[in-house]
Amino acid sequence: MKILIGTNNIAKIKAVKAVSSMYYPEAQFENREVASLVSDQPMSDKETRKGAINRAMSLMEHNEATFGIGLEGGVNEIEGVMYICNWGALVANDGKLFTATGAGIPLPEEIAVQLRSGAELGPVMDVFTNKSGIRHEEGAIGVFTNNLVTRSVMFEHIMLLLIGQYELSKKLL
Ligand SMILES: O=P(O)(O)OP(=O)(O)OP(=O)(O)OC[C@H]1O[C@@H](n2cnc3c(O)ncnc32)[C@H](O)[C@@H]1O
Ligand SMILES: [Mg+2]
């Protein structure tokens, strides 16, 4: 079976491969950079979910795989507190769509103000941590959970939610 992944982000690819290989040891993977068709920094659950769905749909346009996976990160503001939000979408070769949302934690206000004025979380986190490429590694979620939940582990959970729903739907056929 073949699984398409809609990104070049290392943390996302790692999560898709780790969880999928557990369930489908024979799986082959191909990652492609696809358009999310939402802002580079999605600012709501709605927009972030849409980005994940658009990525997965675009991967499966020509039905070249068993399923395509779109993962998208964004932020969502609730009562003045800015939370990291994350969404995943799986589009299967029969056209079925499955979605899932992942862990969310608040961002410090000093980071939130920068995003409100148009900055992207990736570069802001690099400046904050004085490192480069945080978005490919532990991510903001790793930095603000003392590395207990890294970006990859967070996306692994979303992958479990997606594959679980997909497998159940096959059983119910
Ligand atoms: O190449 P793609 O797949 O687009 O991967 P990305 O790292 O840009 O990730 P998203 O587009 O899904 O995330 C939207 C924005 O939020 C940033 N971001 C999201 N989650 C992050 C995290 O945990 N740590 C650092 N930056 C993050 C990311 O760099 C983008 O600026
Ligand atoms: Mg991006």
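Guide: An angle between helices runs from 0 to 180 degrees between N-to-C directions, and the axes are lines fitted to C-alpha atoms over the stretch in contact. The model here is predicted.

Visitor: What describes the packing of helix α1 and helix α6?

Guide: Two packed helices are described by the angle between their axes and the distance between the axes. For α1 (residues 10-23) and α6 (residues 151-171), the angle is about 45° and the axes are 8 Å apart.

Visitor: Why are α1 and α6 called oblique?

Guide: Under 35 degrees would count as roughly parallel, and 65 to 115 as roughly perpendicular. The angle of about 45° fits neither range, so α1 and α6 are oblique to each other. Their crossing is right-handed.

Visitor: How do you know that residues of α1 meet residues of α6?

Guide: Two residues are in contact if their C-beta atoms, placed from the backbone, lie within 7 Å. Those in α1 include A11, V16 and Y23, and those in α6 include F155, M159 and I163. By class, this contact has ten nonpolar, two polar and four charged residues.

Visitor: What is the angle between α3 and α4?

Guide: Helix α3 (residues 109-116) packs against α4 at about 140°, with the axes 10 Å apart. Roughly antiparallel requires over 145 degrees, so this pair, at about 140°, falls under oblique. The crossing of α3 and α4 is right-handed. I111, Q114 and L115 in α3 meet L121, V124 and F128 in α4. This contact has five nonpolar, one polar and no charged residues.

Visitor: How do you know that the radius of gyration agrees with a compact globule?

Guide: For 173 residues the rule gives a value near 16 Å, and the protein has 16 Å, which agrees. The C-alpha trace spans about 50 × 25 × 25 Å along its principal axes. The protein has six helices and five strands.

Visitor: What makes a residue part of the surroundings of ligand 1?

Guide: Its C-beta atom, placed from the backbone, lies within 6 Å of the ligand. That holds for 19 residues, the closest being T7, G73, E120, G122 and G139. β3 (67-78), α4 (121-129) and α5 (139-143) each give two or more residues. The shell divides into five nonpolar, eight polar and six charged residues.

Key. Residues numbered from 1 in each chain as written. Chains lettered and ligands numbered in written order. Predicted model: local features only at pLDDT ≥ 70, side-chain atom pairs only at ≥ 80, totals over all residues. Helix = DSSP H or I, 4+ residues; strand = E, 2+ residues; numbered from the N terminus. Nonpolar A, V, L, I, M, F, W, Y, C, P; charged D, E, K, R; others polar. Left-handed = near helix turned anticlockwise from the far one by under 90°. Rg over C-alpha atoms; globule rule 2.2 N^0.38 Å.
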